[in-house]
Amino acid sequence: MSFHIAFLLLSVSLIVPSPSAQDEVADSVAVSDSALVVAAPPTSVIASEHEYDDGEALDLSWVPSIDDQLVGGLVIAYRVYRSTNGGELEMIEELIPGANQFTSGELSSDSSYSYVVAAVTTSGEFASNATAPLSPETEWLNYEKKWLFLIGLLIAGAVMYFIETARKGKKLFVRKIAGLEAIDDAVGRATEMGRSILFIPGIQDMDDVQTLAGLTILGRIAGTIAEYDTKLFMPVSRSLVMTAARETIKASFQTAGRPDKYSDDMVSYVTDEQFGYVAHVDGIMVREKPATVFLLGAFFAESLILAETGNSIGAIQIAGTARPAQLPFFIAACDFTLIGEELFAASAYLSNEPRALGSLKGQDVGKALAMIVIVIGVLAATIASAWQVESMQSIVDTLNSVFSTN
Amino acid sequence: MRRQIPLFITFFVGTLLILSVFIPPMETLGEDFTLFFDIIAVFAFFLGGGNLVRVHITKLIKRKPDWGFSVVTLVGFAFVLIVGLFKIGNPGDIASSVTAEGSWFQESFNYILNPLQSTMYALLAFFVASASYRAFRAKNREATILLVAAFVILLGRTPFGMALTSWIPESLSIFQIPNLAIWIMNSPNLAGQRAIMIGIGLGVVSMSLRLILGIERTYLGDDRA
Amino acid sequence: MEHFAIWVAAFLTMGIISFLYKDNAWYKLSEAIFVGISAGYWFVTLFWDNIYGKFWVGRGDDAMLYIGAFLGLLMLMRLVPKVGWISRWPLAFIVGATAGFYLINYFSSNVMRQVEDTIMPLLGTDYSATTYDMIGNIVIAVGTFSGLVYFFFSKEHKGVFGGTAKVGIFFLMITFGASFGYTVMSRMSLLIGRLDFLFGDWLGMIK
């Protein structure tokens, strides 16, 4: 869609979008017949640096043609033309009437660019003056995200502060989480019944944080399993998860002093395909009849198929996921369900290691902060809108700009 | 050393990805990572696929129960690999897409894989029914709330819900089931979703930090191994 | 040929459904076919998309691709017992990247964004809200707050705090009920789709 300058000359309007376009507009209008739809070109076209980018964009703004009216306007579109390093003009975008700005992307900071904006009517194009050549610049810090950085730093700082406090030996209280308290019993039960434990880390790969959460919990549970000398099997749907799970279990067995009991056969790859995996896991569930089933990770539609099958064989089931849409099915079909945040907290909780527990405290600081901001924000917004209190409105505006992620 | 290097890699890469969000020239790092990951995943398949083959061949050789089905799995696996990688039975030349209509690869998807997938997925209808029945029998307060909300939303999505409550006068129209369903979705449901999402966000921050700082490290195996 | 293929599809469809009655040879056969074919299918797709598509067709000279391939090769070192430990490097790389990527993105989209969205006037701007909207707004604020109280780890659920946490559970249960109810219908239509195949495409009883 690149329009060459010569082509434009031949087009209906005979108007050239070039630095000298203004004069030619006047000329062409003078010789035109009465059917020609003439419009004033856009004015004050300014190209400026696009903020906080990698030197790949420029912002354009202009005052729309005075003939660009909502009703009965003559302008049917705006066309943006770009010249690179003083070269020919190329059309890069067509915009709707009323448009007055455009961000030109995919540029290079090594080149300079000049722009022309033309108002398009049924008879042709009426071009603005060209902007002065400008090169986009690379910025090294995105100040727009300063609040994300600062608040993130505050919460990460709180997590690290409590990790350090705990490391120094200060006792930190963490309330009991029912699903996690049940894990030891669940493992014990399988041992007593002489049956196995099935661990399912979801169906996503290692690039999903829920899978990592599932594996960190596996690390804790595997230690207990090694001590009790219970049989563990873990079919997985991703090759990388297979590798990481083997490392995890092996390390836990080693730590528990039972390296001889470890075998690579505990973890096996089935298939990456969601329902193929489920068909296989369902099959071995009813054949092996594990006493305990763990479903910890990222689950999709298969959550209920797996959990119901596990339920039908009478296994104790402990599930957890951060996918809200699947949580109700786990709640309906499992004995214990770790809801969202609890999944990520589980390994820290189970480790009983002070530093890990400290990190949970840091999380609570985040929650407290969120709660305080919500209370202040909602009250201020309500007062501001009910009684038109300026100062309250400014609090709301400040909070909105701080927490805005755009 | 064997453990120190991986821990350092995790720390370095993790920190870099966090900072990249704030540094425009590094913005595309997240995309690069996705690219790396996709490629590593293909290589890793040799480990997974290799394991699949090994497990079933062992079963076959040792004549374990159901070894016959292992043969089926192995044949199916080999068949698709050969047909797909060498584009056997593909209409057109070698450059044509492996999923071109009429290719053996695509036909095995259409008539074997696709019906299997959809049927497994469809089993959910039965499992939803049995799960609902169980929730219905669990006589505690939480289960009751869950069921009532589920029931209202379910009815609200059918013409049945409207027919059932259309007698309610306009002034109390909120209690007509379709309206009530919308209200539940937009208010209490939204509140619950938000609490869960904020919790998850903070949980991820904390767990990721534990991983980056090396407090959580079992996935790296053990030194002595 | 197509007639035969439909019979195969019907045979496999019923093999899977038979699992509802109990585990049996028909299901085991369908399962074995499913696992073998799908694992192969997945690898073939990965190969053409990620290896052929990226190294040959796509951006063949991009250094990033070769870093990825290098990490992939390190992963395969697992197959060599003596240097198997090197495979932990790409693993550590993936874990670090996943942790860093999710940390900042989830913090932004799940924490910052949700807090921002919750800040709103209970009465609506300029009293524009109806009574129902108002109740709705109050419910959202109270529900979000109490839901967060439920997730608090540092304090036992006792007294006022425990009461608020109970309110939080109440909201969570409504949320779960809502997604449950929302999903049921779509699951039923999946089943209807399969029955349609069996009785329509295969047996020709539904036209």
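Trainee: Why is B:Glu216 called buried?
Mentor: The model is predicted, and the value is computed from it. B:Glu216 has a relative accessible area of 1%. Buried means under 20%, so B:Glu216 qualifies.

Trainee: What makes B:Arg210 and B:Glu216 a salt bridge?
Mentor: Their side chains meet at 3.0 Å, N to O. The cut-off is 4 Å between a Lys or Arg nitrogen and an Asp or Glu carboxyl oxygen, so the pair counts. B:Arg210 is buried too, with a relative accessible area of 0%.

Trainee: How do you know that A:Glu125 and A:Arg79 form a salt bridge?
Mentor: The closest N and O atoms are 2.3 Å apart. That is within 4 Å, so the rule is met. Both A:Glu125 and A:Arg79 are buried.

Trainee: What makes this pair a tie between parts of chain A?
Mentor: A:Glu125 sits in strand β7, and A:Arg79 in strand β3 (residues 77-84). These parts are 46 residues apart in sequence, so the bridge ties them together.

Trainee: Why are C:Asp117 and C:Arg113 called a salt bridge?
Mentor: The N to O distance between their side chains is 3.6 Å. The limit is 4 Å, so this pair also passes. Both residues lie in helix α4 (residues 88-118) of chain C, four residues apart, about one turn of the helix. In an α-helix, residues three or four places apart point the same way.

Trainee: Are C:Asp117 and C:Arg113 buried, exposed or partly exposed, and why?
Mentor: C:Asp117 has a relative accessible area of 29%. C:Arg113 has 37%. Partly exposed lies between 20% and 50%, so both residues get that label.

Trainee: Which residues do shared salt-bridge partners join into one network?
Mentor: A:Arg79, A:Glu94 and A:Glu125. Over all chains, the search finds 20 salt bridges.

Trainee: Why is A:Thr122 called exposed?
Mentor: Its relative accessible area is 60%. Exposed means over 50%, so A:Thr122 meets the rule. A:Thr122 is in the loop between β6 (113-121) and β7 (124-127) of chain A. Leaving out residues up to four places away in sequence, A:Thr122 touches A:Val37 and A:Ile76. Its C-alpha atom is 8.0 Å from that of A:Leu36, 86 residues apart along the chain.

Trainee: How do you know that the length of helix α11 of chain A agrees with its residue count?
Mentor: Helix α11 covers residues 354-387, which is 34 residues. At 1.5 Å a residue, the expected span is 50 Å. The end C-alpha atoms are 50 Å apart, so the values agree. Just after α11(A), A:Gln388 takes a positive phi of about 50°.

Trainee: How many residues make the contact between chains B and C, and what area is buried?
Mentor: Chain B supplies 107 residues and chain C supplies 104 residues. About 10000 Å² is buried, with 83% from carbon and sulfur atoms. B:Tyr111, B:Leu116 and B:Arg194 lose the most area on the chain B side, together 7% of what that side buries.

Trainee: What makes B:Asp38 and C:Lys54 a salt bridge?
Mentor: Their side chains come to 3.5 Å, N to O. The 4 Å limit holds, so the pair counts. The rule finds two salt bridges across this interface. It also finds 12 residue pairs in polar contact there.

Trainee: Which helix of chain B gives the most to that side?
Mentor: α9(B), with 21 residues. By class, the side of chain B that touches chain C has 74 nonpolar, 23 polar and 10 charged residues.

Note on methods
Residues numbered from 1 in each chain as written. Chains lettered and ligands numbered in written order. Predicted model: local features only at pLDDT ≥ 70, side-chain atom pairs only at ≥ 80, totals over all residues. Heavy atoms only, no water. Contact = heavy atoms within 4.5 Å. Buried area = accessible area lost by both parts, 1.4 Å probe. Polar contact = N/O pair within 3.5 Å; in protein donor to acceptor, adjacent residues only side chain to side chain. Helix = DSSP H or I, 4+ residues; strand = E, 2+ residues; numbered from the N terminus. Nonpolar A, V, L, I, M, F, W, Y, C, P; charged D, E, K, R; others polar. Expected span 1.5 Å × (residues − 1). Buried < 20%, exposed > 50% of the residue type's maximum accessible area, 1.4 Å probe, protein only.
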